[in-house]
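Trainee: Please take one part of this model and go through it closely. I would like to start with the bends in its helices and then move on to the ligand.

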Amino acid sequence: MAVELNAQSNHYGFRLPDELVLLRDQIRRFMREEVKPIEDKLPHDATGCSSEDRKKLRALAEEMGLTRLTVPEEYGGNPVSALARVVIAEESAKCRLGGYNPALGAFGGGPPNIIWGGTQDQIERYGIPCIEGKKHAFVAITEPTGGSDPRNNISTRATRSGDHWVLNGRKMWITGAGHADFGIIFARTKDGTENAPPEITAFIVEPDFPGINFNEIKVIRALSPYEIVLDNCEVPLENVLGNVGQGFGVAQNWLVDARIPYAAGCIGIAQEALDMACGWVKQRPTRGGMLADKQAIQWMIADSEVELRAARMLIYDAASKVDEGLPGKVDASICKLYGTETAGRGVDRAMQMFGGMGMAQEMPLERWYREMRVKRIGEGPSEVHRMVISRDKLRNTDGGIYFG
Ligand SMILES: Cc1cc2nc3c(=O)[nH]c(=O)nc-3n(C[C@H](O)[C@H](O)[C@H](O)COP(=O)(O)OP(=O)(O)OC[C@H]3O[C@@H](n4cnc5c(N)ncnc54)[C@H](O)[C@@H]3O)c2cc1C
């Protein structure tokens, strides 16, 4: 597919390098010309396409170098910068077969990043088959007792017994667990003390290990999460991922890394919703003109455009910091909080401008609306990110000039 440079299209304010403008336009075109026509044939709430279509899309994406974006080169990957990943995430999320449902989408699933910290054997058995599209994985941190404070709330216990570990406990809301080929489960291997948090270890489990069961949980969106029940589930010693007791550190890095593209995907959806609404209000007649002539409509458009640009700046800035090797935890929280909340408001405003049509299932808006609601809970609820941001601010700020 030929790539054209459209200098006018870099209108968002942040000067993306030219090669990323090219990449963005290339993905935009791929979504519109290749992915959307396949998506248009699907039922409104379908979470995937036929394996034939999926293969076709993956082959095209592969040809364009758009797969394996977080896979190290030594394993056949094509890793790109964090800034490139957010550009890809924003554009590809506009089709559900693109970004926000990657396990079923055009770019292939890929294993959870933490697998690259595993042993050679783990990488070969679990990592490589994922990048070849032969295996899918889940990651299970959250438990019924609460997901907002996993360091203290993980009570699933792993006990060493001879040549294996025995896991007991329950996990909740785990995306894709019921149809995955393996998963990474975080369990407590040592209780905490007054001075030290509990020790958490990551384990690779397979669905046919003895003592593991999955129950689907129906939620607001079609892609269901699962409850996982671990009843004396036996896990071989070699399936510990990373070192015993260091699972939480591994999970933290991975979550921070994932949150910035997560936010980018959300604003991609909200941008598409706004652009669709602009097209609609310009041709929808109302008393004395078109809807677009009314100030109430113009203000909704302005508010969404301003918020989306602000969110995009935060995301680009955070990704650039990651690329410079600067600490990104607070920036990732800022992106996750502002990106998901902005996107929720943006999709909501777009539905308002569409009126009744905004509610119709022939439009993607109501599906996006439900999806954006989930996004304020998954990857940590807004309140937890507010806590992270304010804690950092209070720790690093003693007062303004009038109090100094
Ligand atoms: C569709 C879906 C898919 C998911 N997929 C996965 C997955 O694949 N793997 C996985 O491990 N988890 C997954 N989750 C779980 C998700 O990460 C948790 O739901 C989330 O972290 C919140 O945990 P909780 O539901 O236990 O809510 P709780 O921790 O009980 O919190 C409930 C509410 O209380 C508020 N709150 C919590 N803590 C604070 C605080 N300190 N200060 C102020 N208010 C607070 C927030 O409003 C929060 O929403 C998924 C969730 C959903 C809905």
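Mentor: In this predicted model, helix α6 has a kink of about 25° at R259, shortly before the proline P261. Helix α6 runs from residue 247 to residue 283, which makes 37 residues. At 1.5 Å a residue it should span 54 Å, and its end C-alpha atoms are 55 Å apart, so the expected and computed lengths agree. Helix α1 can be treated in a similar way. A kink of about 35° is centred on M31 in that helix. The 23 residues of α1, from 18 to 40, should span 33 Å at 1.5 Å a residue; because the end C-alpha atoms lie 31 Å apart, this agrees as well.

Now to the ligand. The shell around it has 18 residues, and T142, G147, S148, W173 and E383 come nearest. Sorted by class, the shell holds ten nonpolar, five polar and three charged residues. Strand β1 (137–140), strand β3 (164–175) and helix α11 (382–396) each provide at least two of the shell residues. In terms of domains, at least three residues come from domain 2 (137–241) and at least three from domain 3 (249–396).

Some polar contacts can be named. At V139, a backbone N or O atom is 2.9 Å from a nitrogen atom of the ligand. In the side chain of T142, an N or O atom lies 2.7 Å from a ligand nitrogen atom. E383 places a polar side-chain atom 2.8 Å from an oxygen atom of the ligand. Taken alone, the ligand would expose 970 Å², and the protein buries 66% of that area.

Notes. Residues numbered from 1 in each chain as written. Predicted model: local features only at pLDDT ≥ 70, side-chain atom pairs only at ≥ 80, totals over all residues. Heavy atoms only, no water. Near = heavy atom within 4 Å. Polar contact = N/O pair within 3.5 Å; in protein donor to acceptor, adjacent residues only side chain to side chain. Areas by Shrake-Rupley, 256 points an atom, 1.4 Å probe, with all protein chains shown as cover. Helix = DSSP H or I, 4+ residues; strand = E, 2+ residues; numbered from the N terminus. Nonpolar A, V, L, I, M, F, W, Y, C, P; charged D, E, K, R; others polar. Domains from an automatic or database assignment. Expected span 1.5 Å × (residues − 1). Bend = angle between axes of the 7 residues up to and from the residue.
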